Amino acid sequence: VSDAAVTLDPMGDGLHVLAVEGFARKHVHANEEVFNAYVRAIGLADRVNTTAPSLAQDGRVHESYRRFSKTLAQVGAPGGTDQPVGPETEWVRGPDGFTLFANRQKVAGHPATLFCRAGAEGPVSIQTLRTSDAGVLSVGPQGYQRCLLNTVFLTRQANGGWSSDWVSIFFQ
């Protein structure tokens, strides 16, 4: 899709929320070692037990992948607040930071990664964070930056494979 073909007509001034839920896709990891490296890379090594074999008959690790994303955009005069909009998992921006929800429940102690960039060409700063016992992630003022807050839920399936839900929110 070209940039010219993408248009959004705001319904007035204030905060607008664009939420997208992706359909499940399949990822196949070559073997358990490759999968474990992936788990470490996304910051879940301390939350996922990968010691039990999860190999399929073909010797690979199968993962079902979904993405839930939100974009917050302020249009015109300031106003409005973010609120849960319905996906199974989502971040919600509030006065104290961002709250992580899964199945409409707040998620405590979950790892997250914050990526921020000051301009189109500026360097990207990366912070590894964790939600509080109340499921809130306090993020200080980022100045005029574009930021992406991301987390991953990785769950063992009954068939020995894995399911991952990637949850992100983009804000400025």
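# Buried charges and paired strands

User: Let's start with K70 in this predicted model: is K70 buried or exposed, and what is its relative accessible area?

Analyst: Happy to start there. Residues count as buried when their relative accessible area is under 20%. K70 falls under that cut-off, so K70 is buried, with a relative accessible area of 2%.

User: Which residue forms a salt bridge with K70 at 2.8 Å, and how far apart in sequence are the two?

Analyst: The partner is D82, whose closest N and O atoms with K70 are 2.8 Å apart. This pair links distant parts of the chain, with D82 in the loop between β3 and β4 and K70 in strand β3. In sequence, the separation of D82 and K70 is 12 residues.

User: Where does E90 lie, and what is the distance of its salt bridge with K70?

Analyst: E90 also forms a salt bridge with K70. The pair links distant parts of the chain, since E90 sits in strand β4 and K70 in strand β3, 20 residues apart. For this bridge between E90 and K70, the closest N and O atoms are separated by 3.1 Å.

User: Why do D82 and E90 count as buried, and what are their relative accessible areas?

Analyst: The cut-off to use is under 20% relative accessible area. D82 is under it and therefore counts as buried, and E90 is buried because its area is under it too. The values are 9% for D82 and, for E90, 3%.

User: How many salt bridges are there by this rule, and which two strands hold R66 and D165?

Analyst: Here is a nice one to trace in the structure: the count of salt bridges comes to four. One of them joins R66 and D165, with their closest N and O atoms 2.9 Å apart. The pair ties together parts 99 residues apart in sequence, because R66 lies in strand β3 (residues 61–75) and D165 in strand β11 (residues 162–171). So the two strands are β3 and β11.

User: Are R66 and D165 buried or exposed?

Analyst: The test is again the cut-off of under 20% relative accessible area. R66 has 19%, so it passes as buried. At 10%, D165 therefore counts as buried.

User: What does the side chain of H29 join through a polar contact?

Analyst: H29 is placed in strand β2 (residues 25–29) and is buried, with a relative accessible area of 9%. Leaving aside its neighbours within four places in sequence, H29 is in contact with V34, F35, Y38, R60, V61 and E63. The polar contact, at 2.6 Å, joins the side chain of H29 to that of E63.

User: How many residues of strand β5 are buried, and which residue in β5 is the bridge partner of G94?

Analyst: Strand β5 (residues 97–102) is mostly covered, with six of its six residues buried. Strands β4 and β5 run antiparallel, joined by six bridges, and they form a hairpin with two residues between them. Within that pairing, the β5 partner of G94 is G97.

User: Which residue takes a positive phi in the hairpin of β5 and β6?

Analyst: Strand β5 has further antiparallel partners to follow: it pairs over two bridges with strand β9 (residues 136–137), where the partner of T99 is V136. Strand β5 also pairs over two bridges with strand β6 (residues 105–106), where A102 is matched by Q105. Two residues lie between the strands of the β5 and β6 hairpin, and the one with a positive phi, near 50 degrees, is N103.

Key:
Residues numbered from 1 in each chain as written. Predicted model: local features only at pLDDT ≥ 70, side-chain atom pairs only at ≥ 80, totals over all residues. Heavy atoms only, no water. Helix = DSSP H or I, 4+ residues; strand = E, 2+ residues; numbered from the N terminus. Buried < 20%, exposed > 50% of the residue type's maximum accessible area, 1.4 Å probe, protein only. Polar contact = N/O pair within 3.5 Å; in protein donor to acceptor, adjacent residues only side chain to side chain. Contact = heavy atoms within 4.5 Å. Salt bridge = Lys/Arg side-chain N within 4 Å of Asp/Glu carboxyl O. Pairing = 2+ DSSP bridges.
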